[in-house]
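Trainee: I would like a close look at the charged pairs in this model, and then at what surrounds them. Please take it step by step.

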Amino acid sequence: AAISNKAGNVMAMMPHPERTSNGDAIFQSMRDYILRGKFVKVDPLHYYPRRQALKPYKTPDHHHACMVELMITDNQALTVQNTLRHLGIPVTVKRLALWEVDCEADVFKRVEKTGVLFNDRKERVIVRSCHCEERDFRDVAIHNHKTILVRPKEDLIGQQKRQTLQDHFSLQGIRSVKHSILWQFSADKGEIADLLTKIIQTNIIANPNAHDCYEYN
């Protein structure tokens, strides 16, 4: 339940040896190892985080979309908010789910009724948009705020939902289902544009190797 680095002077453990005296042997061994001078010096890794250039997002043609919010407390959004404030980034955070379905309008209405995309006992749709009846997402805009769309490069959730709709509800004509998270940041003080770069650099809402990020208007 542990892994060490090549030099043998760094170890990460899943258990917590410091919570019991049975772990004393580990820490004493580490102390003796250092005191004897038997350690290997290795060059440190030089890692420079890649900065993500946020491009504006546009819903693809022929995609129907719905923006969903939790009706109960969103602990994940609160955790991100508290962490950012501890880092000196004074923002209020809100998290929304965005579903985009590539299908015809009548199929999309049937998709919503299945309850596959969201649980209407805990979630509610606050905005809908479709290529035939456009609704402006800016209806839910907040003063001095920015919204970032985060989507996994491999959208397994969207793929799974599409499969469920086809296999269990016999809904045909669904070309794709895409799932994204919309992170809304509003500045408690200062300008949100100045804080956004700091937020992105924390990698708290997205892993640059695993997610695509866009500025969502």
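How many salt bridges does the structure hold?

Mentor: This is a predicted model, and the structure holds 12 salt bridges. Side chains of opposite charge can pair when their charged atoms come close. Three of the pairs can be taken in turn.

Arg 31 pairs with Asp 32, with 3.2 Å between the closest N and O atoms. Arg 31 counts as partly exposed because its relative accessibility is 46%. Asp 32 is also partly exposed, at 29%.

Lys 58 and Asp 61 form another salt bridge, at 3.6 Å from N to O. Here Lys 58 is exposed, with a relative accessibility of 62%. Asp 61 is exposed as well, its relative accessible area being 56%.

The salt bridge between Glu 69 and Arg 124 has its closest N and O atoms 2.7 Å apart. This pair joins distant parts of the chain, since Glu 69 sits in strand S4 and Arg 124 in strand S6, 55 residues apart. Glu 69 has a relative accessibility of 9%, so it counts as buried; the cut-off for buried is under 20%. Arg 124, at 43%, is partly exposed. The pair does not stand alone: Glu 69, Lys 94 and Arg 124 are linked in a network of salt bridges.

Strands S4 and S6 come up again with helix H3, which spans residues 105–114. The buried residues of H3 are Val 107, Phe 108, Val 111 and Glu 112. They lie on the same side of H3 because they cover an arc of only 140° around the axis. The other side of H3 has Asp 106, Lys 109 and Lys 113, which are exposed. The buried residues pack against strand S4 (63–70), strand S5 (91–102), strand S6 (123–129) and helix H4 (156–167). Just after H3, Gly 115 takes a positive phi of about 80°.

Next come the nonpolar residues. In soluble globular proteins, nonpolar side chains tend to be buried together. The largest nonpolar core in this model has 20 residues, and those that touch the most other members are Leu 84, Val 91, Val 93, Trp 183, Phe 185 and Ile 205. At least two residues of this core come from each of helix H2 (75–86), S5, strand S7 (145–152), strand S8 (176–187) and helix H5 (192–201). H5 gives the largest share, five residues.

Val 91 shows what one member of this core touches. Leaving aside neighbours within four places in sequence, Val 91 is in contact with Gln 81, Leu 84, Arg 85, Phe 185, Ser 186, Ala 187, Asp 188, Ile 192, Leu 195 and Ile 199. Another core, of 16 residues, lies apart from the largest one, and its members include Trp 99, Cys 103, Val 111 and Leu 117. Val 111 is also one of the buried residues of H3, which ties that helix to this second set.

Last, the aromatic rings. The structure holds two aromatic pairs, and Tyr 57, Tyr 214 and Tyr 216 form one aromatic cluster.

How values were computed:
Residues are numbered from 1 along each chain as its sequence is written. This is a predicted model: local features need pLDDT of at least 70, side-chain atom pairs count only at pLDDT 80 or more; totals for chains, interfaces and linings use all residues. Side-chain values use heavy atoms; hydrogens and water are left out. Buried means under 20% relative accessible area, exposed over 50%, partly exposed in between (1.4 Å probe, protein chains only). Helices (H or I, at least four residues) and strands (E, at least two) are DSSP runs, numbered from the N terminus. The arc is that of the directions from the helix axis to the C-beta atoms. Contact means heavy atoms within 4.5 Å. A salt bridge is a side-chain nitrogen of Lys or Arg within 4 Å of a carboxyl oxygen of Asp or Glu. Rings of Phe, Tyr and Trp (its six-membered ring) pair if their centres lie within 6.5 Å; planes under 30 degrees apart count as stacked, over 60 as edge-to-face and the rest as tilted. A nonpolar core is a set of buried Ala, Val, Leu, Ile, Met, Phe, Trp, Tyr and Cys residues joined through side-chain atoms within 4.5 Å.
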